[in-house]
Amino acid sequence: MKCPQSCERMKMIFGLTFRSAKGHWIANPSWQCSKASIGLFVPASPPLDPEKVKELQRFITLSKRLLVMTGAGISTESGIPDYRVLCLDCGEQTPRGVLQERFQVLNPTWSAEAYGLAPDGDVFLSEEQVRSFQVPSCVQCGGHLKPDVVFFGDTVNPDKVDFVHKRVKEADSLLVVGSSLQVYSSYRFILTAREKKLPIAILNIGPTRSDDLACLKLNSRCGELLPLIDPR
């Protein structure tokens, strides 16, 4: 099934990937989540394992220079907006909450109800939902808007890459929180830590690209597990 014109426009502006699956479209929902609906898009996870909690506590206690890599999982669950929106024409930045209000004005009857959840966190939407969705433009110049994040296939600023590599080399252990590490730039930091023989722990719901490189993997919600860790 060919993506309709409105779908292509949304894909161009927001970097979203739409594809058909059993008559439905898949769209990454993170930009459209308000704080009240965050829980709707946090995947289910098994109950906390007390032994795993103790293992993570030991991991952190033994670390003297712990480097923590966080992803959208920790931001989304905590209610912190995990990105701003950038105008590709004039560079104007818009807070996510402000843009969310504009979405609601333009789409007062549009529902975020999903028809299923894909393994990568995308959700299935009906074709009508995609066709009827109205996308706002920049309030300053009318230009195209895009989340100010690095999408799959984008190039990360070399200075930022060098900065993180230096932090990895200074660390004695690495903790990943709320990331599937599917973006290669983040996975590359894990490979650097592995080469340095750093112990790696991962806290993320579902599999990640580096589960086989970690000495500890916890399949739990960040908000449930992290408060149990004693920083002392």
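Before the points, one definition: a residue is buried when its relative accessible area is under 20%, exposed when over 50%, and partly exposed in between (1.4 Å probe, protein chains only).

1. A word on the model. This is a predicted model, where local features need pLDDT of at least 70, side-chain atom pairs count only at pLDDT 80 or more, and totals for chains, interfaces and linings use all residues. Residues are numbered from 1 along each chain as its sequence is written, and side-chain values use heavy atoms, with hydrogens and water left out.

2. Let's look at helix 6. Helices are DSSP runs of H or I, at least four residues, and strands are runs of E, at least two, numbered from the N terminus. On the inner side of helix 6, V161, H165 and V168 are buried. Seen down the axis, the buried residues fall within an arc of 55° (taken from the directions from the helix axis to the C-beta atoms), so they line one face of helix 6.

3. Which exposed residues sit on the face of helix 6 turned away from its buried side? They are D159, K160 and K166.

4. What covers the buried residues of helix 6? The cover includes strand 3 (66-70) and helix 7 (184-195), where contact means heavy atoms within 4.5 Å.

5. Now a charge over a ring: NZ of Lys or CZ of Arg must be within 6 Å of the ring centre and within 35 degrees of the ring normal. R167 lies over the face of F163, at 4.5 Å from the ring centre. R209 is placed over the face of Y187, also at 4.5 Å from the ring centre.
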